[in-house]
Amino acid sequence: MKYRSAVRLIFSSIGEFGMGSKNKYYAVIRGYQPGIYTAWYGPGGAEEQVLGYAGAIFKGFVTVEEARRWLGSPAVKSRKASGRVQAAAEPAAPPSSPGQIIIYTDGGCAGNPGPGGYGAVIIDGESRSELAQGFRRTTNNRMELLACITALDALEAPADVTLHSDSRYVVNGISKGWARKWRANGWMRTKSEAAENADLWAKLLDLCDRHRVRFVWVHGHAGNRENERCDRLATGATQGPDLQEDHAYVRGRTRVPEGLAEKRIAAMSASRFPEI
């Protein structure tokens, strides 16, 4: 499966890093997510994989070839095998079945509203990718929605997807048909109240129409490795240096999908000033 470009795409499986990088490589054989990393600090860095992990094993290298040789050496393989009992105690998503993509997402906000971020993990067979981005001022629900949107939008071709989220707001909004009802009613939640975050719900519904998506609610902070990974990605992105603007939220246009406001204004103008 090919992926669209995203705000930040962090590959964490062996073989996914580009050759010729001048960055130092870090190989993790025992940690939350074993693999080769191009950075030690920051969201998606090797530090996150070993910090607080009992018995973590990792090493830094100048080239990716050296890191791969180290990971493939008999001595390292035996050390990796000795840590399988501990690793098995931590729930992790299995490789997805052929044609099936597994996605985990999480979003958060400090202050709500305040600085926020999202994180997502995409598992396609043996391939794994991660997404994360932070924003200067937003809300928790908007980050939960944007995590789903960004992950689904990264898939180039229509796919069968199982998407896991710890947000009942997101899962129920899709599974119980609330968002589709709001869209059918012109993005009105009731006769007198507009649906909040309509701009993001509209994008999510469009992606659900493109892909075959099953939403699954998971308990947050309950030991699910992929959910915990998404939480760390979202937290790291929130605290990152390259925070973006949530323009719709800043401008107070979260209750109107993109382009709909202009259409409404044009319709009102036409009714008030008809052509003669």
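## A walk from strand β2 to Trp217

Start by selecting strand β2 (residues 25-30) and strand β4 (residues 57-61): the two run antiparallel, with 5 bridges joining them. Keep in mind as you click around that this is a predicted model.

To find your place along this pairing, show Ala27 as sticks and look across to β4, where Lys59 stands opposite. Now color β2 by accessibility. The strand is mostly covered, with 6 of its 6 residues buried.

Next, add strand β3 (residues 35-37) to the selection. β3 is also antiparallel to β2, and 3 bridges hold the pairing together. For a marker here, pick Tyr26, which stands opposite Tyr37 in β3. Then trace the chain from β2 into β3: you're following a hairpin, with 4 residues between the two strands.

**On to the aromatics**

Leave the strands for now and show the aromatic side chains. How many aromatic pairs are there? The count comes to 3. One to zoom in on is Trp182 with Trp201, an edge-to-face pair with 5.7 Å from centre to centre and 75 degrees between the planes. This pair links distant parts of the chain: Trp182 belongs to helix α7 (residues 178-184) and Trp201 to helix α8 (residues 198-210), and the two are 19 residues apart. Switch on a surface and check whether these two are buried or exposed. Both Trp182 and Trp201 turn out to be buried.

Don't close that view yet. Add Tyr169, and you have one aromatic cluster made of Tyr169, Trp182 and Trp201.

**Last stop: Ser167 and Arg168**

Now select Ser167, in the loop between β8 (160-165) and α6 (168-175). Is this serine buried or exposed? Its relative accessible area is 6%, so Ser167 counts as buried, the cut-off being under 20%.

What does the side chain of Ser167 reach? Draw a distance to the backbone nitrogen of Val170 and you should get 3.2 Å. For partners farther along the sequence, leave aside the neighbours within four places, and Ser167 is in contact with Glu144 and Trp217.

Keep Trp217 on screen and bring up Arg168. The charged end of Arg168 sits over the Trp217 ring, 3.7 Å from the ring's centre. With Ser167, Arg168 and Trp217 all shown as sticks, you can see both features of Trp217 in one view: the contact with Ser167 and the charge over its ring.

Conventions:
Residues are numbered from 1 along each chain as its sequence is written. This is a predicted model: local features need pLDDT of at least 70, side-chain atom pairs count only at pLDDT 80 or more; totals for chains, interfaces and linings use all residues. Side-chain values use heavy atoms; hydrogens and water are left out. Buried means under 20% relative accessible area, exposed over 50%, partly exposed in between (1.4 Å probe, protein chains only). Two strands pair if DSSP finds at least two bridges between them. Rings of Phe, Tyr and Trp (its six-membered ring) pair if their centres lie within 6.5 Å; planes under 30 degrees apart count as stacked, over 60 as edge-to-face and the rest as tilted. A charge sits over a ring if NZ of Lys or CZ of Arg is within 6 Å of the ring centre and within 35 degrees of the ring normal. A polar contact is a pair of N or O atoms within 3.5 Å; within protein, one must be able to donate a hydrogen and the other to accept it, and residues adjacent in sequence count only if both atoms are side-chain atoms. Contact means heavy atoms within 4.5 Å.
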